[in-house]
Amino acid sequence: MTDYVVAVLVVAVAVYGTSASAKLRSRGAYRSFQAGLGETALLPGPRLALVAGALAGTETIVAAAAAASAFLVALSGPGSRAVAEGVLAAAAVLTAVLAAGVGVTLQRGTRTACACFGPGSARPLSRAHLLRNLSLLAALLAAVAGNGLSGRPGGGPALAGVFLAAVAAAAIALLLIRLDDLVELFTPVSRGGGASAR
């Protein structure tokens, strides 16, 4: 189970690290993220700046904590299971909040672009984004549940297995991060030459 915990932590590092860096890379990117968050109509105007800052900051902290925890678990450091459990739980709470936001936005029928990984995407929030968040949430919760089973009797994890888990996790994280490109790739093209709306 250690390999799985490391893999999920690596996914959290990649997803939330990329998300935070896309939002915080420049003032323009941050303003664009804040404007996109405002378009969801989930928050009253006065709270928008506070929530945007808290969200970007939390993503940064979760990514950094997940990276440290992944190394600690891979090396069977002291307290690694407790640290991993706390980090995975924090990432799960963040993911649940984001999934709830996407779900409410979709339920209200609000059309807004997904600014999950910065202002680069013009694709509106869709069920695919909700499914991405729910899939990540399920993986995080499974890792929390299985964290107590981590490790091997009589020693730490096999480093080769941890390395392979990290590589697989990086590939999965790339798919999650580039979801809009994948959806675009498999969206049927209308006769007018543009992708059909979904």
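## A walk from the surface to the core

Let's start on the outside: Phe163, Leu164 and Val167 make a nonpolar surface patch of about 330 Å². To count for a patch, residues need over 30% relative accessible area and no salt bridge, with nonpolar side chains (Val, Leu, Ile, Met, Phe, Trp, Tyr) joined within 5 Å and like charges within 9 Å. A salt bridge here is a side-chain nitrogen of Lys or Arg within 4 Å of a carboxyl oxygen of Asp or Glu, and accessible areas come from the Shrake-Rupley method with a 1.4 Å probe, where for residues only the protein chains shown count as cover.

Keep in mind that this is a predicted model, where local features need pLDDT of at least 70, side-chain atom pairs count only at pLDDT 80 or more, and totals for chains, interfaces and linings use all residues. Residues are numbered from 1 along each chain as its sequence is written, and side-chain values use heavy atoms, leaving out hydrogens and water.

Back to Val167, which is found in helix H6 (residues 159–177). Helices are DSSP runs of H or I with at least four residues, numbered from the N terminus. Val167 counts as partly exposed because its relative accessibility is 45%; buried would be under 20% and exposed over 50%, with partly exposed in between.

Now head inside. The largest nonpolar core has 37 residues, and Leu9, Val11, Val15, Tyr16, Leu88, Leu136 and Leu140 touch the most other members. Such a core is a set of buried Ala, Val, Leu, Ile, Met, Phe, Trp, Tyr and Cys residues joined through side-chain atoms within 4.5 Å. H1, H2 (27–39), H3 (45–74), H4, H5 and H6 each supply at least two residues of this core, and H1 gives the most, with 10 residues.

Look at Leu136. Leaving aside neighbours within four places in sequence, Leu136 is in contact (heavy atoms within 4.5 Å) with Val11, Val15, Tyr16 and Thr95. The buried residues of H5 include Leu136, along with Arg132, Asn133 and Leu140. An α-helix has 3.6 residues a turn, so residues three or four places apart point the same way.

H5 (residues 127–146) has 20 residues, so its expected span, 1.5 Å times one less than its number of residues, is 28 Å, and its end C-alpha atoms are indeed 28 Å apart. Arg127 lies in H5 too, and Arg127 counts as exposed because its relative accessibility is 71%.

Finally, visit H1 (residues 2–24), where Ala22 lies. Ala22 is buried, with a relative accessible area of 7%. The C-alpha atoms of Ala22 and Ala56 are separated by 9.6 Å, though these residues are 34 residues apart along the chain.

Conventions. Buried < 20%, exposed > 50% of the residue type's maximum accessible area, 1.4 Å probe, protein only.
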